[in-house]
Amino acid sequence: MKQYIINNLLGLNDLLNNLSQEQYNTKLDVLAHASIGQHVRHIVEFYQCLFKAGHTKVVNYDVRQRDLILETDIDFASETIKGLLNILSKGMQDFPVTLVADYSTSDGQAPLLIQTTFFRELAYNLEHSIHHQALIKVALTDMNLTALIADNFGYAPSTIRYQNKCVR
């Protein structure tokens, strides 16, 4: 699974290497006034939250940092992704994790404590990354920049396999 995540993040980083700072920061109506940078930050911070669970055995995606530099500085974002790739290149063991999840829309509700594992959360983060990359692809299409991305960018592996069957 690590290699799939590495490949996914490499694809994201390749995109960043081909975007301008202005394109990274442009807020688009098609993204509800969000930018590509905001989606990249969101992807990266989920992985950062999970990697902290190696020490705490708890992951809470709601309390991520929301680092404005990560969403506005394309070079910083690229370097941060390289840091994630470095972590992923090391040996990893699965371990139990408690997911703290608050699905309420008002204050005062106790969050849910859900038992999961590190590897299951890695799989979730990969799927989450693909989902946000699909949104980034919408932004790139809106900006007429689809030439900057691989054909499979933002597609789930099952979709790619299905499309490959249909082409035959």
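This tour moves from the whole chain to its two largest pockets, naming at each stop what to select in the viewer.

**Whole chain**

Begin with the whole protein chain in a cartoon view, keeping in mind that this is a predicted model. Coloured by secondary structure, the chain shows seven helices and five strands, and if you follow the elements from the N terminus on, they run α-α-β-β-α-β-α-α-β-β-α-α. The radius of gyration of the protein chain is 17 Å, close to the 15 Å that the globule rule gives for 168 residues, so the chain is as compact as a globular protein of that length. Turn the model along its principal axes, and the C-alpha atoms fill a box of roughly 45 × 40 × 30 Å.

Next, switch on a surface for the protein chain, whose accessible area comes to about 9,600 Å², with 54% of this belonging to carbon and sulfur atoms. Of the 168 residues, 45% count as buried, that is, they have under 20% relative accessible area. If you then display contacts between residues at least 6 apart in sequence, 67% of these join residues at least 24 apart.

**The largest pocket**

Now select Tyr-4, Asn-7, Asn-8, Asn-152 and Tyr-155, which among the 19 lining residues lie nearest the centre of the largest pocket. The elements that each give two or more residues to this lining are helix H1 (2–18), helix H6 (118–142) and helix H7 (157–167), so colouring these three helices separately is a convenient way to view the site. The largest share of the lining, six residues, comes from H1. The volume of this pocket is about 380 Å³, and when its lining is coloured by class, eleven residues are nonpolar, six are polar and two are charged.

**The second largest pocket**

What should be selected to show the lining of the second largest pocket? Choose Phe-51, Gly-54, His-55, Ile-87, Lys-90, Gly-91, Met-92, Gln-93, Phe-95 and Phe-118, which together line this pocket. Which helix gives the most to the lining here? Helix H3 (residues 36–56) does, with three residues, and it can be highlighted on the cartoon to place the site within the fold. The volume of the second largest pocket is about 220 Å³, and the classes in its lining are five nonpolar, four polar and one charged.

To finish, show both pockets together on the cartoon, with H1 marked for the largest pocket and H3 marked for the second largest.

Notes
Residues numbered from 1 in each chain as written. Predicted model: local features only at pLDDT ≥ 70, side-chain atom pairs only at ≥ 80, totals over all residues. Heavy atoms only, no water. 1 Å grid on protein atoms, 1.4 Å probe; cavity = no way out; pocket = protein on both sides within 12 Å on 5 of 7 lines; lining within 4 Å. Points joined across faces, edges and corners; volume = space filled by probe spheres on them. Helix = DSSP H or I, 4+ residues; strand = E, 2+ residues; numbered from the N terminus. Nonpolar A, V, L, I, M, F, W, Y, C, P; charged D, E, K, R; others polar. Rg over C-alpha atoms; globule rule 2.2 N^0.38 Å. Buried < 20%, exposed > 50% of the residue type's maximum accessible area, 1.4 Å probe, protein only. Contact = heavy atoms within 4.5 Å. Areas by Shrake-Rupley, 256 points an atom, 1.4 Å probe, with all protein chains shown as cover.
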